Each structure stands twice: as C-alpha cells, then as structure tokens.
Amino acid sequence: MASHPPASLDGALRWLPGIAILKGYQAAWLPRDLAAGLVLTSMLVPVGIAYAEASGVAGVYGLYATIVPLLAYALFGPSRILVLGPDSALAAPILAVVLGASAGDPARAIATASLMAIVAGVFCITLGLLRLGFITELLSKPIRYGYTNGIALTVLVSQLPKLFAIKIDDAGPLAELWQLAQSIVAGKANWYSFAVGAGSLVVILLLKRFLRIPGLLIAVVLATLAVIVFDLDAFGVKVLGDIPQGLPVFVVPWFEGADLVKIVLGGCTVALIAFADTSVLSRTFAARARVHVDPNQEMVGLGVANLAAGFFQGIPVSSSASRTPVAEAAGARTQLTGVVGAVAVAVLLMFAPKLLRDLPHSALAAVVIAAALGLFEFKDLKRIFRIQQWEFWLSMLCFVAVAAFGAIPGICIAVALAIIEFLWDGWRPHYAVLGRVPGLRGYHDLQRYPHGEQIAGLVLFRWDAPLFFANAELFQQRLLEAVAAAPTPVRRVVVAAEPVTSVDVTSADMLRELAQALAEDGIALHFAEMKDPVRDKLRRFELTDVFGDDRFHPTVGSAVDDYLAARDR
C-alpha cells in the first residue's frame, strides 16, 4: 500500500511552495538558474543601493533588503521566477515617513523603514491568510495609473537634486522643483556631478532594451571608474563611501518617540502598492509559463519577505518589473535564481565591500530616475481619454493628489476615490422598463426601443445592480415613477431581478414597505429570475410573510404568462 504524507504536512507544504518546487527540481535547470542568478546580481547591487538612498536610508540597507527577502520568498513565494527587493515605486512613501520620523538621525531612519517593512509584512500575511488577495483589484486601472504616475514624478523629482549635488528641503515635487531651479540659477550646481549622473542615465536608457546586457552595471562601473581616474570626489562629486562589512543581523527595530500612527499608515500603504505591483507581475509571468499562482499565497510570500526584511535591517520590498524580466531572459527556471543572487550579494558584503566605496551618488540617482521613467503610463491613458473621459480625469485627479500632497496622502485620496467610484456605479445604476418589441423575442428596454409596447396593467422593471443601502431609496423612487408613467392602470409589477446579486437589511426593509404601499393601491409586487442566494437572504430577513413562493418566477416570460393567465381568469 502506498504511503501518503500526513495531512498536517500537506497543509504546511501548501504555505511553502518553494519546498514543493524543490521536490520536483530537475538537474537540467541548475546551470540556467546559476547563470541567471549571477546575471541578476549585476542589477541587484546597484538598484538595491540606489533605492535605499532614494528611500532616505544608507545604501547598505538596500543590500540587506535584497539578501533576506529573496531567501524568504524562495520558500514562501508561489511564483517561480519573481524577483523581490527594494523598489522605486516604494521609495516615495518610505521617504515621506522616514524624513518626518528620523530628524536626520541615520539610526532612526533605518529603524523607521524597518518598522514599516514589519507592518507591511504583517498586513500582507493577514490579508493572505484571510484569503483577501483580491483587495488590490478594488483599485481601477485609471486610478492605479494616476497614483503610479504621481509616485513616478515624486521619485524623479526627489533624485534631481542629487544629480547636481544640491541639498534641498523635502516639500513636495512642485516646491522641490522650484527650489532646485533657484539653486541652479544661484550657481550652486556641481556640473561634474551632473555630467557623471547624466552620462550614467544615458548609458542605462540606451542599453535598457537589451535584457542580456547589464546596462545598470556598466553605467555604475563606468561612473565609479570616472571618479577614481579623474579624482572627481575632489571636485565635489559625492560618493557612497565605506559600507559596513558583513551580513545583516537580527534586530528588533525601535526608538523612543516613534510615531506609530504614521509608521503603520505608511507600512499599510507600501503593502498595498507592493501587492498591486506584485500581483500584476505575478499573473503576467504565470500566464507565460501557463501555470496558476494563488494570489493569497502571493500575498503571504510578499508579507514574509517584508517581515524578514524588517527584522534584518532592511526596508520594505516589492517585486521588480525590471529585475524579473532580466532573470527570465537569462534563463531562470526557479527561485534558485534569486537565492544565487542573494548569496552573491552576501559574498560581496563579506569579502569585497570596498569595491562600492567610490560609487557616485549622482550615478545612483540616475539608476532611480531611469526606474521612475519606466513607471510613467501615458499610452493607455490616451486610450482611456478617447473611450471614457471621466475615468481619465479621475486618473489625473489621483496624479495631482500624489504630486501635490505627497505619496501617502495622495494614495489615501486615490483609495478614497476608488471607493467612491465603486459606490457611484452601484448608487446610480442603469434601470429599464421592459416591453414587447415587434420582430424581437423577449422583453426589451423601451427607451432603446421606443416603438415597443408595455403589456396592459403590467410594469416590467429591471434594476442593473445589487440592492443595498445607498441605492434602496432610488430603486423605490424609480419603480414608483414607472408605475405612475404606465399607459394603463397597473395591477402587477414584476422586477426582472437577474442583475440583482445581493440585498442588505436596508434594501430588504425598503422592499417590505414598497410591497405594502403598492398593495394599498391594488398592485402586487413579483420577481423574475432572482438568484437563489438572494431569495435565501429575503427569507433570512423575514420577508416570507410578504413574498410567498408564488411571487417568484424562473423567467420574465413565465412571469408575464402568469400575469396574463391571472388577468384573463
């Protein structure tokens, strides 16, 4: 008899997809994963440092946030080749919290960022375990474009002063641009720094289309060599300097006077951004590989990676739309690619950290600016403007909110707008009075077919949305208007309820009152095509005394037949 693993072990392995992949690992994959991991390392180092600097913490913490999350995600992440680490989309919200909490103290800065990672991790794991991986789908595409474009602008503007080696106050993108322009006009710009940064940016953008060429590595190596050969640090070009040798250690991040409200809000914000990006990227690569990825497990994997980053001196992490394609193009087959990359970065920190000492800040700024340029979405917004202008302007409003008020307030505004957009569609849905149309089978909207006719004494009323507290009164109002506008005295109203997917207590009470009001005028309220779960709710809401089984009909046609038979009796 074949033996099977215990159910408890199966349950544990379900949350450890990396183990399942390892059990089915093929020897032929190993050379590809090793080679792809080494290629990936050429990106992990510069972007890890650059995004950490953009987030307001020392560059080495970006490397810590590269090593530990990659190892954690290899165990808990369901995607075979997704690459996690510090990300440009997270830099703006992290920086917004870090600047306010650190007061210029580097220790407080990394403690704040690590606390945000822990909050983000707990938030993602909780939602994943509760199977709420769909939550980011509540943000419509135009709203996602709006806040992403706002974040991209915020990140880009925050890096421009580093190109010129100018220090300005954090005051929002528009104010920062004005301060930068004033400083340049006043002669404070360091043009050597600008030449290094601008040159690095040109190299990165020119080589970006070639996935197999490590453009980022080439750019930062050339910039570092320029600093060394021409002694540019003596001309005011700021460099990374010495970074600590060794691996990250387990630390519980904390400091006196921590603003937990801002940290929790910031952590939840970066969690939503990270998962929104990760879920899209995960689905994209899963579709290419023709495999299914559980979004709830994806959220757990992302949460564990952030939790690990927070306790090992890291910053919040997300998936990467730039590093993952590099891993794929290099032939990655499994998460072993990320493990190889993490080990390679760890070896660099242990044995050769001085290689990074002369890396110029302006080149790192160029890395972040190149990533921010990739975040902007214009092409699809043109299409949205052409087909649905109000959603385009909603996207623009989100963009302005992020750009004007900062990443976290702007994203909160974007979420609020998403909720309003969702409620508006249900609050003011389409409805129709149906009738017979010559030459067409069935019953159709009389506004679209004005030559159609209502059945004498009958109102067929269709409501194209769930019934809930926000639209219950409108439903009642529109139905009574249809009764009043009927060409003949009404004896029965039939609600074509197939689009009604739910009711709540408020709408159920409204139906009770409506049925009683209609009954006083000799009008019976019936339903057609109502889904069984909705009928079950009406029973649970104690409406069986109002609506017996004879008030429900399987189709609109059968409801009309029943009315005609009753009328002719």
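**Exercise 1. Decide whether Phe527 is buried or exposed, then describe the ring pair that Phe527 forms with Phe547.**

Phenylalanine 527 has a relative accessible area of 3%, so this residue is buried. Buried means under 20% relative accessible area, exposed over 50%, and partly exposed in between, computed with a 1.4 Å probe on protein chains only. The model is predicted: local features need pLDDT of at least 70, side-chain atom pairs count only at pLDDT 80 or more, and totals for chains, interfaces and linings use all residues. Residues are numbered from 1 along each chain as its sequence is written, and side-chain values use heavy atoms, with hydrogens and water left out.

Next, the pair. Phenylalanine 527 and phenylalanine 547 are edge-to-face, at 5.1 Å centre to centre and 80° between the planes. Rings of Phe, Tyr and Trp (its six-membered ring) pair if their centres lie within 6.5 Å; planes under 30 degrees apart count as stacked, over 60 as edge-to-face and the rest as tilted.

Then the location. Phenylalanine 527 is in strand S7 (residues 524–528), and phenylalanine 547 is in the loop between helix H21 (532–540) and strand S8 (552–553), 20 residues apart. Helices (H or I, at least four residues) and strands (E, at least two) are DSSP runs, numbered from the N terminus. Phenylalanine 547 is buried because its relative accessible area is 5%.

**Exercise 2. State how many aromatic pairs a search of the whole structure finds, and analyse the one between Phe164 and Trp191.**

The search of the whole structure gives 21 aromatic pairs. Phenylalanine 164 and tryptophan 191 form one that is edge-to-face, with 5.6 Å centre to centre and 85° between the planes. This pair links distant parts of the chain, 27 residues apart: phenylalanine 164 lies in the loop between helix H7 (141–163) and helix H8 (173–185), tryptophan 191 in helix H9 (residues 191–207). Phenylalanine 164 counts as buried because its relative accessibility is 9%, whereas tryptophan 191, at 49%, counts as partly exposed.

**Exercise 3. Find which ring lies under arginine 535.**

Arginine 535 lies over the face of phenylalanine 552, 4.3 Å from the ring centre. The criterion is NZ of Lys or CZ of Arg within 6 Å of the ring centre and within 35 degrees of the ring normal. Arginine 540 lies over the face of phenylalanine 541, at 5.8 Å from the ring centre.

**Exercise 4. Give the number of disulfides and the nearest cysteine sulfur to cysteine 268.**

There are zero disulfides (pairs of cysteine sulfur atoms within 2.5 Å) in the structure. For cysteine 268, the nearest cysteine sulfur is that of cysteine 124, 9.0 Å away.
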